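Work through the exercises below with the sequence and the model side by side, and try each task before reading its solution.

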Amino acid sequence: MHTEQATKTEQAVTDLNYFDENSTVGDVISDAAFGDFGRLLFPVDRAVSEDMTLKEVSSSSVYVWYSEIKADKTVEIVNYLKKQVNSGEQIYYPIYSGAEIKADKTKADTGLFFFKGNADEKFAVVNAGGGFMYVGAMHDSFPQALELSKMGYNAFALIYRVDNAYEDLAKAIEFIEDNASILGVDKNNYSLWGGSAGARMAAVLGNADYLYRFTGNTDIPQASAVIMQYTGYNYASKNDAPTYACVGTNDGIANWRTMQSRLNMLESYGIPAEFHTYKGLYHGFGLGTDTVADGWMKDAVNFWEDNSQ
């Protein structure tokens with residue numbers, strides 16, 4: 001009996017490996033685990049053929065302006081999310097109510113994918129870039145959120161409308177703050193993360209003035225830290241949050257000197273700031289796996305912890 005049960009358990013584990021590099025986008029989108037939100041796993045603002053394999057879709061031809069895109073990470077993410085569903089976890093949360101979506105159908109293209117960490121641990125909201133043309137979540141927010149969850153943090157990857165990005169991020173922060181007990185997260189000392197356009201979003205909503213402007217709510221605390229990758233955002237004020245930033249020296253979109261200048265300005269205001277450049281890296285390196293940036297997330301998390309109370 002013991003051997004038979006062990007065999008069944010091993011088979012169950014094997015059966016959970018639903019997708020591989022040869023699985024198609026359509027296979028993922030139509031999977032019952034992802035309900036009616038599977039389409040949001042891939043850019044809705046790009047023409048992505050459902051016949052593309054996960055290997056083919058993990059390309060800069062789809063994720064424009066990005067480098068170091070890894071098909072094995074795409075496979076890991078979609079398998080992780082499905083395993084979470086099969087474990088009874090809710091992985092997706094709309095941030096707008098049914099009535100709000102009925103009044104504005106574009107709001108159906110927004111929501112939070114939840115990468116769950118330890119119970120009652122603080123949370124991060126991760127925003128993918130895409131030049132405010134599309135949302136490159138599979139490379140620029142899902143991987144970071146997954147790694148944060150592995151470290152024990154609760155991470156939410158935001159799917160936003162490119163024309164209403166700041167509004168959607170503000171709504172997402174409000175949603176998490178209002179539902180913290182249901183979600184099982186600590187709403188204090190949260191952080192905002194982002195790459196490229198997503199980093200601009202994190203910086204803007206990390207600023208106390210803009211946070212209030214977009215939420216109209218004085219009860220929501222300012223983020224403890226903003227974690228930014230490769231963006232040319234250069235506005236700085238005394239009301240910005242502590243900021244960690246990193247970029248490659250060969251980034252032709254976000255010049256490293258622009259990023260460094262902004263962080264120097266934050267430091268001149270007495271705001272904690274930490275800046276890293278990675279020699280030879282291009283725009284959109286994501287996790288930086290197998291590059292000189294490998295491990296940057298640990299530095300960023302340490303910065304977040306150092307600035308949490």
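## Exercise 1: A charged patch

Locate D20 in the chain, decide how open it is to the surroundings, and find which residues form a negative surface patch with it.

Solution. D20 is found in the loop between helix 1, which covers residues 2–15, and helix 2, which covers residues 25–29. The structure is a predicted model, and in it D20 has a relative accessible area of 41%. Buried would require a value under 20% and exposed a value over 50%, so D20 counts as partly exposed. The negative surface patch to which D20 belongs also includes E21, D72, D290 and D294.

## Exercise 2: A buried residue in the loop

F19 is also found in the loop between helix 1 and helix 2; decide whether F19 is buried or exposed, and list what it touches.

Solution. Begin with the accessibility: F19 has a relative accessible area of 6%, and is therefore buried. Next, leave aside the neighbours within four places in sequence, and the contacts of F19 are D27, V28, D31, F34, L54, V75, V78, N79 and K82. Finally, consider L54 from this list, which is 35 residues from F19 in sequence, while their C-alpha atoms are 8.6 Å apart in space.

## Exercise 3: Salt bridges and a network

How many salt bridges does a search of the whole structure find, and which residues are joined with K73 into one network?

Solution. The search of the whole structure finds 15 salt bridges. Side chains of opposite charge can pair when their charged atoms come close.

- Step one: K73 forms a salt bridge with E76, with 2.8 Å between the closest N and O atoms. Both residues lie in helix 4 (residues 71–86), three residues apart, which is about one turn of the helix. K73 is buried at a relative accessible area of 14%, whereas E76, at 29%, counts as partly exposed.
- Step two: the side chains of K150 and E147 meet in a salt bridge at 3.1 Å, N to O. This pair lies in helix 7 (residues 142–150), again three residues apart and about one turn of the helix. E147 counts as buried, with a relative accessibility of 18%.
- Step three: salt bridges that share partners join K73, E76, E147 and K150 into one network.

## Exercise 4: A salt bridge between two helices

Find the salt bridge between E100 and K171, and explain why the pair ties together parts that are apart in sequence.

Solution. The side chains of E100 and K171 meet at 3.5 Å, N to O, in a salt bridge. E100 lies in helix 5 (residues 98–103) and K171 in helix 8 (residues 165–178), so the pair ties together parts that are 71 residues apart in sequence. For the accessibility of each partner, E100 counts as partly exposed at 27%, and K171 counts as partly exposed at 23%.

## Exercise 5: A nonpolar patch and a buried serine

Which residues form a nonpolar patch on the surface with I253, and is S141 buried or exposed?

Solution. I253 forms the patch with W65 and M133, and together they have about 280 Å² of accessible area. I253 is placed in the loop between strand 7 (243–248) and helix 12 (256–268), and at 49% relative accessibility it counts as partly exposed. S141, found in the loop between helix 6 (137–140) and helix 7, counts as buried, with a relative accessibility of 0%. Not counting residues up to four places away in sequence, S141 touches V126, N127, A128, G136 and A157.

Methods
Residues are numbered from 1 along each chain as its sequence is written. This is a predicted model: local features need pLDDT of at least 70, side-chain atom pairs count only at pLDDT 80 or more; totals for chains, interfaces and linings use all residues. Side-chain values use heavy atoms; hydrogens and water are left out. Patches are made of residues with over 30% relative accessible area and no salt bridge: like charges are joined within 9 Å, nonpolar side chains (Val, Leu, Ile, Met, Phe, Trp, Tyr) within 5 Å. Accessible areas come from the Shrake-Rupley method with a 1.4 Å probe; for residues, only the protein chains shown count as cover. A salt bridge is a side-chain nitrogen of Lys or Arg within 4 Å of a carboxyl oxygen of Asp or Glu. Lys and Arg count as positive and Asp and Glu as negative; His and the chain ends are not counted. The place of a charge is taken as NZ of Lys, CZ of Arg, CG of Asp or CD of Glu. Helices (H or I, at least four residues) and strands (E, at least two) are DSSP runs, numbered from the N terminus. Buried means under 20% relative accessible area, exposed over 50%, partly exposed in between (1.4 Å probe, protein chains only). Contact means heavy atoms within 4.5 Å.
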